[in-house]
Structures are given as C-alpha cells and as structure tokens.
Amino acid sequence: MLEIKDLHVRYGGIRAVQGVSMSIPHGSIVTLIGANGAGKSSIIRSVAGLNKTITGQIDFRRHQGEQAVSLLGLKPEDMVRQGIALSPEGRRILPHLTVRENLLLGAYFRNDKAGIDADMEWVYSLFPRLQERSWQKGGTLSGGEQQMLAVGRALMSRPDLLMLDEPSLGLAPLLVREIFEIIKKINQDGKTVLLVEQNAFAALSIASYAYILEVGRVVLEGPGRELLENPRVKEAYLGG
C-alpha cells in the first residue's frame, strides 16, 4: 500500500530522517518506535504532505492491483483525497465546535450524505462516549475523549490508510488499553494503520510489523511480537 524509499527530511541544518525505507502492506498495522527526536513524526508528517524539505520516494497504492501514485509534492488536502488520514499528535480538535461538528470536518471533502451518515454511526459504535456527547463542545471533553474525537475525525474522511501520531500520549493506563483495543478493531474493519507510538509494549503487542528508529535511521525491524522478545528492544524500550 505505502512504500517509502531512501527518505530524507531536513529542518534547516537538522537531518531529522536519514535514508529511511519501509513498507506498509494492505491490511496491516505497522508501528514506528523510538525516543523523542528519532524521526517518527517526521516520517508520517511527510506522508501527510506536511513536510516540504524532503527527498526520496513515497508511493501509495490505494487498492491492490492499482498503479502506485507518488505522494511527493502533494498538498495535505490531496493526501486526504488519495485515501490517507492523519490523527495528529496533540489531537488538534477545534474546542469551540461540538463533537459532531468536529467529526463532520473530517468529511469536508465528501458529498455522499448517506455514506457520511453511515460512517458517523460507525465512529459512534467505536466510541460510544462521543455519541453521548455529540452536542458537547470539544474543548470540554476529557483528554481521552478528545483523543477518541481526533481518531474519529480522521476516520470520517473514509481513509484506506489511517496514520496515528502518539494516540496514547498523556492518557491513563486504562484509557491506553481502550484506545489500543479500538485501533485493533479499526484494523479488523478494513483500515491499514501506520502507528507512531512511544508506548512500545502496547504498540508492538498489536503490530503486524515494526520499525525501530534512532536518530533518524531504522536500526531494527521485524514482526511486532518478535521484537517484543528482542533483548535490545527490551533493554531500550521495555524496561529490561
């Protein structure tokens, strides 16, 4: 579905990503693990069209058997039309709009009312609390509810590839477990997921495949469950 080859990202003189290559197959959950500054967010921001100072190759194939499309140079709104959605770090919901209005923003480029209504019901089935608070202002929600709203808003564009940037950041352990169960359900419902996450144990537990990044480079990769048992990963990210 998504192929990244020899990706380089610069911010002024800082080389945030240095020659990264990775593959995200259809129907998978792929996670990027690494400390702050490892380049994880820079990679998915590049896929989302938010980084301009990049070189390399990013090719996307929405459906199996289709011709791949180069994403380099496309704007963020073009990425949404291609079938890619990002739930960003920090949630970035609009606090003065209601839950329902925030969700409808995710469907901004769509005009299929019946499909939008169906997807709204699907999002509410994933996050019942959002339905209970559908007319509540987004800024009055708890941190966990705001994270659910950010994910739901991304889903409302009906993406084939859903990218999640630190979905568990700042959440209590019980909510972290809930969010990761929902990510698995979203994947089972047909969405390919690219997950950036500092909670290595939670991410590797659900990932089909994982890439470990250090200082802008991939230093280790493999199936998520295998990396959970890797001594190097255990020492660096799982507390020994």
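Two strands are said to pair here if DSSP finds at least two bridges between them. With that in mind, the reader can turn to this predicted model and begin with an open sheet of six strands, whose order is E6-E7-E8-E3-E9-E10 and whose pairing is mixed. At its edges stand strand E6 (84-87) and strand E10 (217-222), each of which pairs on one side only. Direction ignored, neighbouring strands of this sheet are turned against each other by 20° on average. Strands of a sheet pair through backbone hydrogen bonds, in either a parallel or an antiparallel sense.

One end of this sheet can be followed in detail. E6 and E7 run parallel and are joined by four bridges, and Ile84 has Leu161 in E7 as its bridge partner. Two helices lie across this part of the structure. Helix H6 (residues 143-155) lies across E6 and E7, and its direction is at about 170° to E6. Helix H1 (residues 40-47) lies across strand E3 (29-33), E6, E7, strand E8 (192-196) and strand E9 (209-214), and it runs at about 145° to E7.

H1 also leads to the other sheet described here, since this helix lies across E1, E2 and E4 as well, running at about 115° to E1. That sheet is open and has four strands in the order E2-E1-E4-E5, with antiparallel pairing. Its edge strands, strand E2 (14-24) and strand E5 (69-70), each pair on one side only. Within it, strand E1 (residues 2-11) and strand E4 (residues 54-60) are paired in the antiparallel sense over six bridges, and the bridge partner of His8 in E4 is Thr55.

Some of the elements already met return around the largest pocket, which holds about 750 Å³ of space. The pocket is lined by 32 residues, and those closest to its centre are Pro76, Val80, Ile84, Ala85 and Leu86. The elements that contribute two or more residues to the lining are H1, helix H2 (76-82), E6, H6 and E7, and the largest share, five residues, is given by H2. Ile84 thus appears both in a bridge to Leu161 and among the residues closest to the centre of the pocket.

Beyond the end of E7, attention can move to a single residue. Ser168 is placed in the loop between strand E7 (161-165) and helix H7 (173-188). Is Ser168 buried or exposed? Its relative accessibility is 8%, and because buried means under 20%, Ser168 counts as buried. Leaving aside residues up to four places away in sequence, Ser168 touches Val176, Phe180, Glu197 and Asn199.

The last features to consider are aromatic rings, of which a search of the whole structure finds two pairs. In one, the rings of Tyr108 and Phe109 have centres 5.3 Å apart and planes at 80°, so this pair is edge-to-face. Tyr108, at 63% relative accessibility, counts as exposed, whereas Phe109, at 38%, counts as partly exposed. The other pair, formed by Tyr209 and Tyr211, is edge-to-face too, with 5.3 Å from centre to centre and 65° between the planes. Here Tyr209 counts as partly exposed at 27% relative accessibility, while Tyr211, at 4%, counts as buried.

Conventions:
Residues numbered from 1 in each chain as written. Predicted model: local features only at pLDDT ≥ 70, side-chain atom pairs only at ≥ 80, totals over all residues. Heavy atoms only, no water. Buried < 20%, exposed > 50% of the residue type's maximum accessible area, 1.4 Å probe, protein only. Contact = heavy atoms within 4.5 Å. Phe/Tyr/Trp six-rings, centres within 6.5 Å; stacked < 30°, edge-to-face > 60°. Axes fitted to C-alpha atoms, helices over the stretch in contact; angles between N-to-C directions. 1 Å grid on protein atoms, 1.4 Å probe; cavity = no way out; pocket = protein on both sides within 12 Å on 5 of 7 lines; lining within 4 Å. Points joined across faces, edges and corners; volume = space filled by probe spheres on them.
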